[in-house]
Amino acid sequence: MTMKVLSGNYAQSYAAQLARVQVISAYPITPQTSIVEKIADFVASGDLNAQYVKVESEHSALQVCISAAALGARTYTATSSQGLLLMHELLHWASGVRAPIVMGVVNRAVAPPWNIGADHADTMSQRDTGWIQFYAESNQEVLDTVLEAFRLAEHPDIRLPVMVTEDAFYLSHTVEPVDVPEATLVDRFLPPREPHAILVPGEATRLGSFTGPDHYVDFRKQLADAIERVPKLLGKIEEEYRALTGRSHGGALPTYRVDGADAVLVTMGTATTTARGVVDEMRAAGHKVGLAKLRLFRPFPDDEIRRLATQVGRIGVVDRSYTFGRMGPAATEVSAALYSGGARPPLSSFLAGIGGRDITPHEVRRMYETLLEGRTPTTHWEDLEEEVTVHG
Amino acid sequence: MIEIRFHGRGGQGGVVASELLAQAAFLDGKIPQSFPFFGVERRGAPVTAYSRIDDRPIALRTSITAPHVVVVLDPGLLATERVTDGLKPGGLLLVNTTHAPETLAAPGGVRRAAVDATHIALAHGLGTAMLPIVNTAVLGALARATEVVSLEALSRAVEQFVPARPEENRLAARDGYLGVRTVDGTAGPSVPLPTSPRVAGPSLPEGPMASLSSERIHTAAWRTFTPVIHLDRCTKCNFCWKFCPDDAIEFDAVGFPKLRLEYCKGCGICAAECPPKTIEMVAEV
């Protein structure tokens, strides 16, 4: 193992290289571009033996991966924000033809107005496309999750595409120490993809035939069943990864100091790191607060959320985007999970960090205080209460 | 934990400076976290980068609003950016400037340091006169003025991670280390972290497109070099007007190009494209 000081974007690139991906499609968009640039370096230097396809749009980028995956190749691409939105049609295609693509997505705000800061509106609006979605908190988690994602995606019981997301700038452009596992170790964890070609050169086969009402529903149900199998398999894959590297990121909903907590925040991505610091500080001052990190968003970890609800007094969900006409998207999911569960603690939806706003310790503390004071559960737009100085 | 904020312009190497500092701090056995924030991705646009250095994992992922150290890579930014916002009492302001540190304006109690990184960079052939790459010289100065990182670790980081001219960059870091001058802060009140007054939501236009125009945004503050057009040799070919990315060239009554200096960022594209080479880029300071 080698410790390197890497950006979140380079953590994606190193993971793709270690996974020995065979086909990469590349189209630039801020703040993703350095992911595919670094992979281009690996291909140019011979450190990665892969076909690197430069395309004219994100729509084509994903089509390249779908076709290559259908021929049996291990494929990777990366995008962000508007680029992901342009892929929308093909996101459905990728899951529909059961293409095990892994894609890095840098979470960036959606225009207008133009903004390149961290915001989850891009991936949240793709939640119904049949892709598995992970949200990462650190560059280490980015690297490890991409490797685990290939195992999940290509598993015969799953065969679905996976997004591994990271917050713009707070991870994409942040350099910090990352343990990069040895290639031989990764090879043991992630051997070459088992041949499973839908398309075979020289044979008359096709992707995406017309299917009438008689069988269309069967294919939808297959996809539904496949994504349901993810949580169980994730546990096994993480256990194997831990055996090789000593690291695990705690499954779909890792928790922190939630035992007997009066108030728990559910966070996604980098908000978690800051919130963990606040939990320690508030616990030291005698407040019973805890934290749960929503690491896997699709499929949604219903069971884990219901278990959490039995242990805690109140839950607040911190969302970095908004579902217009509803509340924070993660809050709606937590709410839906709780309806069918045994315990239904009061739930609040906090919107914070929209469009690249810092989620500060001060803001996180205020969210905990709101919960502890037992104020009426509602939707709080935290950013509107903060004054900020923006540099650069 | 030490928090450092870098202010530079796109292309000067401020982002790389914060990354190199992280690499060097890691070689010193510390845990670093460095990242930039930028808005407009253009050469010359103001860019901010942040570094945190600690002995243990950093439980914070926000920008830095109350730094211990502020590093300014371009002295021109002192006039246009509020670089000392939030700078902690007892902290340090380090500026790339030809002037003495005593001349630097800083909140009371803040130490001031000056290094002529531009000349050091140019002496080692780093960048061009229009855009010297000053980051390694500035980092050398930072190592001396703060001791957040050792010169030895910085030199090793430069050798390992600077993609071009590592030896010249290592020497620039050494010269920055040797050339920095630091003076104590002036007596006076420390300035608390100011915040921009928030424009209340309801007073914003409905939708972000209303009544905004780049005509109203004067970007001349980005400029470090000004084009001077020698009309005696101008052929009125209009190439400067065609290639100017900022529409900063118009024509006078007889068809000669005329600068709209309030929009010129000094990118030098007009000078490069002008067929008879009648445009000269002249340093502003």
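# Exercises on a predicted two-chain model

The buried residues of α5(B) pack against three helices of chain B: α1 (14–27), α4 (135–146) and α6 (166–179). The model is predicted.

**Exercise 1.** Identify the buried residues of helix α5 of chain B.

*Solution.* Helix α5 of chain B spans residues 151–161. Its buried residues are Ala153(B), Leu154(B), Ser155(B), Ala157(B) and Val158(B). Val158(B) also belongs to a nonpolar core of 38 residues, which includes Leu73(B), Ala173(B) and Val180(B).

**Exercise 2.** Describe the largest nonpolar core and the surroundings of Val102(A).

*Solution.* Begin with the extent of the core: the largest one has 62 residues. Next, consider the residues with the most contacts inside it, namely Val21(A), Tyr76(A), Val102(A), Ile132(A), Leu143(A), Leu147(A) and Phe150(A). Helix α7 of chain A (residues 139–154) provides the largest share of this core, eight residues. Finally, take Val102(A) and leave aside neighbours within four places in sequence: the contacts of Val102(A) then include Tyr76(A), Phe150(A), Val146(A), Ala149(A) and Ala153(A). Val162(A) and Val164(A) are also among the contacts of Val102(A).

**Exercise 3.** Determine whether Glu238(A) is buried or exposed, and list what it touches.

*Solution.* Glu238(A) is located in helix α10 of chain A, residues 230–245. Its relative accessibility is 4%, and therefore Glu238(A) counts as buried. Not counting residues up to four places away in sequence, Glu238(A) touches Glu148(A), Arg247(A), Ser248(A), His249(A), Gly250(A), Gly251(A) and Arg295(A).

**Exercise 4.** Establish how many disulfides the structure holds, and assess Cys244(B) and Cys267(B).

*Solution.* Over all chains, the structure holds zero disulfides. The cysteine sulfur nearest to that of Cys244(B) belongs to Cys267(B), 6.3 Å away. A disulfide requires the two sulfur atoms to be within 2.5 Å, so this pair does not qualify. Cys244(B), at 18% relative accessibility, counts as buried, whereas Cys267(B), at 42%, counts as partly exposed.

**Exercise 5.** Characterise the contact between chain A and chain B.

*Solution.* Count the participants first: 34 residues come from chain A and 36 residues from chain B. The two chains bury about 2,800 Å² between them, with 59% of it on carbon and sulfur atoms. Turn then to the polar terms: there are seven residue pairs in polar contact and one salt bridge. Glu176(A) forms a salt bridge with Arg61(B), in which the closest N and O atoms are 3.1 Å apart. On the side of chain A that touches chain B, β1 (2–7), β8 (175–180) and α11 (271–284) each supply at least two residues.

Terms used: Residues are numbered from 1 along each chain as its sequence is written. Chains are lettered from A and ligands numbered from 1 in the order in which they are written. This is a predicted model: local features need pLDDT of at least 70, side-chain atom pairs count only at pLDDT 80 or more; totals for chains, interfaces and linings use all residues. Side-chain values use heavy atoms; hydrogens and water are left out. Buried means under 20% relative accessible area, exposed over 50%, partly exposed in between (1.4 Å probe, protein chains only). Helices (H or I, at least four residues) and strands (E, at least two) are DSSP runs, numbered from the N terminus. Contact means heavy atoms within 4.5 Å. A nonpolar core is a set of buried Ala, Val, Leu, Ile, Met, Phe, Trp, Tyr and Cys residues joined through side-chain atoms within 4.5 Å. Buried area is the accessible area (1.4 Å probe) that two parts lose on being put together, summed over both. A salt bridge is a side-chain nitrogen of Lys or Arg within 4 Å of a carboxyl oxygen of Asp or Glu. A polar contact is a pair of N or O atoms within 3.5 Å; within protein, one must be able to donate a hydrogen and the other to accept it, and residues adjacent in sequence count only if both atoms are side-chain atoms.
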